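Colleague: I'm new to this one, so could you walk me through it?
Modeller: Gladly, let me put it up for you.
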Amino acid sequence: MGPDGMHPRVLRDLTDVIAMPFSIIFERSWKTEEVPEDWRKANVTLVFKKGKKDDPEIYRPVSLSSIPGKVMEQLILGVMNKHVEEKKVIRSGQHGFTKGKSCLTNLIAFYDGMTGWVDEGRAVDVVYLDFSKAFDTVSHNILVSKLRKSGLDEQSVRCIENWLNGRAQRVMINGTQPS
């Protein structure tokens with residue numbers, strides 16, 4: 001469960017009752033460019049993968065946030081995706097985080113290009129880099145700056161900026177916060 005202590009099933013079962021109040025909150029949040037503080041909090045808990053339970057390496061951290069916050073995040077993502085598609089912000093060669101593309105489509109495009117050069121008799125050198133942690137350290141300031149430069153409307157940029165600022169996480173062990 002997230003920091004609000006509400007199970008997702010409760011919200012799903014009460015959809016008819018809470019849809020209108022949540023839509024009002026979402027709209028007000030968008031207009032004021034402020035996201036409720038509670039929606040920017042998350043509980044980090046460890047999830048067992050496989051192996052010996054006493055080996056700390058076989059657990060992975062999972063961040064659990066509030067369900068209304070996740071819904072708001074999807075609304076923000078929708079605005080960003082629509083803008084990116086309409087303004088053609090992302091080039092066709094971009095595969096990561098692009099609908100209909102993946103690591104596999106990237107690998108196929110790379111392989112196709114390299115084999116074409118080899119067939120032409122050209123020399124091919126390849127350098128492999130590991131960017132596995134690159135997206136864990138994206139600067140929010142740089143991201144917001146790039147959103148502005150891409151032409152995203154200022155209200156959306158400020159709402160996203162507010163969403164990113166003031167985020168908080170706390171570690172939970174066996175459902176409780178250690179002292």
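Modeller: What follows is a short talk about the sheet and then about how some of the helices pack.

Colleague: Before we start, what sort of model is this?
Modeller: This is a predicted model, and local features are described where the pLDDT is at least 70.

Colleague: Okay, the sheet then. What order do the strands have?
Modeller: The order is β2-β1-β3, in an open sheet of 3 strands with mixed pairing.

Colleague: Why do β2 and β3 each have one side without a neighbour in the sheet?
Modeller: β2, residues 59-65, and β3, residues 168-172, stand at the edges and have a single partner strand each, so one side of each is left without a neighbour in the sheet. On average, neighbouring strands of this sheet are turned by 30° against each other, with direction ignored.

Colleague: And which way do the pairs run, parallel or antiparallel?
Modeller: Strand β1, which covers residues 41-48, runs parallel to β3 and is joined to it by 5 bridges, whereas β1 and β2 run antiparallel and are joined by 7 bridges.

Colleague: Can you give me residues to click on? What stands opposite Thr45, for instance?
Modeller: Thr45 has Met172 of β3 opposite it, and Val44 has Val171 of β3 as its bridge partner. Towards the other edge strand, you can look at Leu46, which stands opposite Pro61 in β2.

Colleague: Changing topic to the helices: at what angle do α2 and α3 pack?
Modeller: Helix α2, residues 15-32, and helix α3, residues 67-86, pack at about 50°, and their axes are 11 Å apart. The two helices are therefore oblique to each other, and the crossing of α2 and α3 is right-handed.

Colleague: Which residues meet there?
Modeller: From α2 there are Phe22, Phe26, Ser29 and Trp30, and they meet Pro68, Val71, Met72, Leu75, Ile76 and Val79 of α3. Sorted by class, the residues in this contact of α2 with α3 come to 9 nonpolar and 1 polar, with no charged residue among them.

Colleague: Those two Phe residues caught my eye. Where do Phe22 and Phe26 lie?
Modeller: Both lie in helix α2, 4 residues apart, which is about one turn of the helix. The count of aromatic pairs in the model comes to 3. Phe22 and Phe26 form one that is stacked, with 5.9 Å from centre to centre and 15° between the planes.

Colleague: Does α3 have another contact I should look at, and at what angle do α3 and α6 cross?
Modeller: The axes of α3 and α6 come within 11 Å and cross at roughly 145°, and this crossing is left-handed. On the α3 side the contact is made by Gly69, Met72, Glu73, Ile76, Val79 and Met80, and on the α6 side by Ser156, Cys159, Ile160 and Trp163. That contact of α3 with α6 has 7 nonpolar, 2 polar and 1 charged residues.

Colleague: Last one: how are α5 and α6 placed?
Modeller: The axes of helix α5, residues 140-149, and helix α6, residues 154-164, come within 10 Å and cross at roughly 170°. These helices are therefore roughly antiparallel to each other. His140, Leu143, Val144, Leu147 and Arg148 of α5 make the contact with Glu154, Val157, Arg158, Ile160, Glu161 and Leu164 of α6.

Colleague: And how many of those are charged?
Modeller: There are 4 charged residues in the contact of α5 with α6, alongside 6 nonpolar and 1 polar.

Technical notes
Residues numbered from 1 in each chain as written. Predicted model: local features only at pLDDT ≥ 70, side-chain atom pairs only at ≥ 80, totals over all residues. Heavy atoms only, no water. Pairing = 2+ DSSP bridges. Axes fitted to C-alpha atoms, helices over the stretch in contact; angles between N-to-C directions. Parallel < 35°, antiparallel > 145°, perpendicular 65-115°, else oblique. Left-handed = near helix turned anticlockwise from the far one by under 90°. Contact = heavy atoms within 4.5 Å. Nonpolar A, V, L, I, M, F, W, Y, C, P; charged D, E, K, R; others polar. Phe/Tyr/Trp six-rings, centres within 6.5 Å; stacked < 30°, edge-to-face > 60°.
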